[in-house]
Amino acid sequence: MSKAAVQPLGISIRDCFGPQLSSDNLSTVPGTPIPSLAPDTPDSDFNGTPPKTPCERGEIADPESLYFRDGRRKIDMVLVYEEEELGVMTEAEARKRDQRRTFQENLIKEGLELELEHKDLSFDGKTWFLKIHLPWKTKTRYAAVMGMKLPTKRFITISVKAWDDEKNNTKQKNLYARWKEKWERMFEFNHDLIDPVPSFYDSTQGADREEQFIVKDRVTSYSSAQRSLIVMQILLRMKFDDTDKVGIRRLLNDSTYLACFPLHEGRFEKEDSNGKMLDRRLLYLEWARPVKWYKRQPLNLVRKYFGDKIGLYFCWLGFYTKMLYAPAIVGTLCFLYGLMSMDSDDNIPSKEICDENGPGNITLCPLCDKACRYQRLVDSCKFARLTYLFDNPATVFFAIFMSLWATLFLECWKRKQSVIQWEWDLQGVEQDEEPRPEFETSVKTYRMNPVTREKEPYLPTWSKTLRFFATGSAVFFMLIVVLCAVLGTIIYRLSLVSVIYGGGGDLLKRHAKIFTSISAALINLVIIMCLTRFYHKIAISLTNLENPRTQTEYEDSYTFKIFLFEFMNFYSSLIYIAFFKGRFFDYPGDTISRQSEFLRVKGDVCDPAGCLSELCIQLAIIMIGKQVFNNFLELFNPKFYNWWRRRSHRSNTKDLTRKHTRWEEDYHLQDPGRLALFDEYLEMILQYGFVTLFVAAFPLAPLCALLNNIAEIRLDAYKVVTQARRPLAERVEDIGAWYGILRVITYAAIVSNAFVIAYTSDFIPRMVYKYKYSPNDSLVGYIDASLSVFNTSHYHEDMGADINLQKPPPTCQYRGYRNGPEDLVDPYGLSPQYWHVFAARLAFVVIFEHIVFALTGLMQYIIPDVPTELKTQIQRETLLAKEAKYEHGLKKSDFDYDDIIGSVRDNNNTTRNERTTATRASWARRLSRLSDGLDAHVEVSTKKRTSVNSTVYEYS
């Protein structure tokens, strides 16, 4: 293939994307004639005999075929529609038929080849399948305009400077190297079935990576995902009537076409009739099965089959899962430390609470009026022991560790992403992004583009302002709904306590606090999942109202709306328990909290053991419950949908013995939709928030996330390979707005963990008591010092416990730092100990934040976004591009990959002077253009290869 054929000159985007209706003539429709384009059949007027149907003519297609009927042209896209040939059409049906006719004519004029499967050949006798093939000439023309490059088969390594690598490579490997190689081989997928993933780091192994130069050896044909991407770009910009309306999406929205999808390559559960294993079968065997959970992902094949966007998602998900191993281990160790040190001196407060003959015999004030009774402190023993599992000295260390880990994760992903962008040729993909067809056709105002000097559609500032105000108001209203749901959960918790103590059984009364916390968390989870489903539909309508210019802007706007809502939806109850619950409570005899139902929230107080145990329960139920529910839906929802769809199609099938064709099988599957990956990203981002924001309250969260993600990778893989139609391939440069959201969560996690340790846990109050108030610098007596005294005679009417059921004691105690009733100046006012604890908490937050932010900032400065060796590689490519333009201009010469690689190997047989000349004149420049004219130019002499099968050559 010549370079001129791949990148023809003088073609603009407007010329490429758009048919020349006035000059081009309608070419013959390949394959079966399209009804709306075919001339009248003469058989219809011959002796009044109707023409034979395709079935009567024996035109049954091969059920396993992925090609046109000629067996040569591959099917790159399938369009599905229904159209009756007989009877009187309605006005809407006639309009749709005319739109299909115009649309298909324009596709042919643009260079696509079409073949139609008659409805009589379909499973139900009424569905037409239009198959589309992308010819070579059209493919190369569009690939040049779209900046698309051929896939990389392997990396060829050139050592710029000769070292003693040959001696090092031949040296016998030590025991550690052999063990490491065996260990890595155990986690690799089967290389006999799937080629190894080309890796920049694997190709630059040596004494100095910066001295290694990589050349991309590319295949000679585009992948099926790239072909379907080109076809989709044509479909998106094709006119279907005399107006300015364009694009297949409009035709899908009004049911002119029922579906548009690329074909899966064969069946996933077995090989084709020739015994050949196609890519779909390979992905299922080595990637999508649960038994392969410990194997490395074949990302190169995933990208080849599904495109860059899905490949990048699974790359990010695998990287995130791999990074979770460290916090999962550390978090588990912190939990085990709390479990093993339960009876140590660090847990004296829990021991005092559980001591019935000591502080455990303290009488606590009732939690509600009349229905509740006076309780003993020992009733909170279970909560106290549970709290210590997560509120122990290791918690502070783990919070600092997670803050640093989150920063390290983001910095390492940026480095990983930069390498992936180079390996997958993703640089600058979004810079040339075209406006959405919906934007181009719906916007009626135009302006002159200062760069291209052409008119382009745009939204005026006043229109954008009105649209943002409307959508912002709707989002704000939904956030208010979420807050109301949280308030309702709080009122439910207060009411349930009164009900249980008023008429519940002894079992419920003994475990009222745990039962109330668990039931409130479950109800909150149900509300969260219901609001999520409802808001997702609203968010799409709001984003359509904003009408962003490009698809990237559309997805970013939708992402922001969804995440803002989901953040409040999932985290608002956790934020309330962690930072607000019990902060507004004054003392048991307070009259203000009893003035209205809304002010009853002030009476929602924490257990004497603290709020951390309740925060842990809430976090565990929401996080684990959400993961289990989502995994259940992801697995069974597509299965049920496909079962129901096949059942309905089977009921309409005329011949049950006939095998369905490949396009019919795919048509039965679930449509993944345009935002197929959005829910997957959102699920992982919310999980990342659970892992980082409140991890001090639940150190086992990283372990739960790790176990979930190991299953999530294979579940998502199984879903896209077996349960859904093949998604439309898309090109992306990075993970989009999700990275910005991850960074915001990371910064918020530092602040959140600081406040959780300072205000939610008892770490700071214990330290203040130990070093300020304790006579022997221990925690003995801490529980009594953390409780305040209330005189029961100060209860007003209808306050306190029912005196007919229980005689009130002279005094009772409650959680808080307040003066006693005997204080003459300020009874029940804030005590000096409160202000000491308050000052210590504030100081801890400031010190914690400054230290962690300083360490994270230092990590960001030390760790470069782009690896040094990759930056050197890119700089060499840029230098070579400048030299190529200077010497050769814009004219490109033809080249062949095999000839170029062969010329490299032939240089091993020449003398030093001949080699130098040959390097400069023959292959160096051509080899530099092997990966599109951007590799390195070095004038060096060669050494022998380290092995016969090696692709590494050295030059000095």
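What follows is a chat about how some labels on this predicted model are reached.

Me: How many disulfides does the structure hold, and what makes Cys354 and Cys381 one of them?

Reply: There are two disulfides. The sulfur atoms of Cys354 and Cys381 are 1.9 Å apart, and a disulfide needs them within 2.5 Å, so the pair qualifies. The link is right-handed, with 95° about the S-S bond. Cys354 lies in the loop between α14 (348-353) and β7 (363-364) and Cys381 in helix α15 (residues 381-390), so the bond ties together parts that are 27 residues apart in sequence.

Me: Why is Cys381 called buried and Cys354 partly exposed?

Reply: Buried means under 20% relative accessible area, and exposed means over 50%. Cys381 has 19%, so it counts as buried. Cys354 is at 24%, which falls in between, so it is partly exposed.

Me: How do you know that Cys365 and Cys812 form a disulfide, and why is it right-handed?

Reply: Their sulfur atoms are 1.9 Å apart, and that is within the 2.5 Å cut-off, so the pair counts. The torsion about the S-S bond is about 90°, so this disulfide is right-handed. The pair links distant parts of the chain: Cys365 sits in the loop between β7 and β8 (375-376) and Cys812 in strand β12 (residues 811-815), 447 residues apart. Cys365 is buried at 7% relative accessibility, and Cys812 is buried at 1%.

Me: Why is Cys704 in no disulfide?

Reply: The nearest cysteine sulfur belongs to Cys616 and is 9.8 Å away. A disulfide needs sulfur atoms within 2.5 Å, so Cys704 is left out. Cys704 is buried, at 18% relative accessibility.

Me: On to the sheet. What makes β2 and β6 edge strands?

Reply: Four strands form an open, antiparallel sheet in the order β2-β3-β1-β6. β2 (113-117) and β6 (259-261) each have a single partner strand, so one side of each is left without a neighbour in the sheet. Neighbouring strands are turned by 20° against each other on average, direction ignored.

Me: How do you know that β1 pairs with β6 and with β3?

Reply: Two strands pair if there are at least two bridges between them. β1 (residues 77-82) and β6 have three bridges, so they pass. One of the matches is Val78 with Phe261 in β6. β1 and β3 have six bridges, so they pass too; Met77 stands opposite Ile132 in β3. Both pairings are antiparallel.

Me: And what makes β2 and β3 a pair?

Reply: They share five bridges, and at least two are needed, so they pair, again in the antiparallel sense. Glu113 has His133 in β3 as its bridge partner.

Me: Why is β3 called mostly covered?

Reply: Seven of its seven residues are buried. Thr127, Phe129, Lys131 and His133 point one way, Trp128, Leu130 and Ile132 the other, and all are buried. That split fits the general pattern, where side chains in a regular strand alternate between the two faces of the sheet. As for the helices, α3 (residues 91-110) lies across β1, β2 and β3 (127-133), running at about 160° to β1. Helix α8 (residues 224-236) packs on the sheet as well, touching β1, β3 and β6, and its direction makes about 45° with that of β1.

Me: Which residues touch the most other members of the largest nonpolar core?

Reply: Trp287, Trp316 and Phe409, out of 141 residues in that core. Its largest share, twelve residues, comes from helix α26 (residues 737-760). Leaving aside neighbours within four places in sequence, the contacts of Trp287 include Phe306, Phe314, Ile713 and Val720. Apart from this core lies another, of 34 residues, among them Leu107, Leu116, Met146 and Leu235.

Me: How do you know that the span of α26 agrees with what a helix should have, and why is α26 called largely enclosed?

Reply: At 1.5 Å a residue, its 24 residues should span 34 Å, and the end C-alpha atoms are 32 Å apart, which agrees. Of those 24 residues, 17 are buried, so α26 is largely enclosed by the rest of the structure.

Me: Last one: why is Asp242 called exposed?

Reply: Its relative accessibility is 83%, and exposed means over 50%, so the label holds. Asp242 sits in the loop between α8 and α9 (248-253). Asp242 and Thr102 are 140 residues apart in sequence and 9.1 Å apart in space, C-alpha to C-alpha.

Note on methods
Residues are numbered from 1 along each chain as its sequence is written. This is a predicted model: local features need pLDDT of at least 70, side-chain atom pairs count only at pLDDT 80 or more; totals for chains, interfaces and linings use all residues. Side-chain values use heavy atoms; hydrogens and water are left out. Buried means under 20% relative accessible area, exposed over 50%, partly exposed in between (1.4 Å probe, protein chains only). Axes are lines fitted to C-alpha atoms, for helices over the stretch in contact, and angles run from 0 to 180 degrees between N-to-C directions. Contact means heavy atoms within 4.5 Å. A nonpolar core is a set of buried Ala, Val, Leu, Ile, Met, Phe, Trp, Tyr and Cys residues joined through side-chain atoms within 4.5 Å. The expected span of a helix is 1.5 Å times one less than its number of residues.
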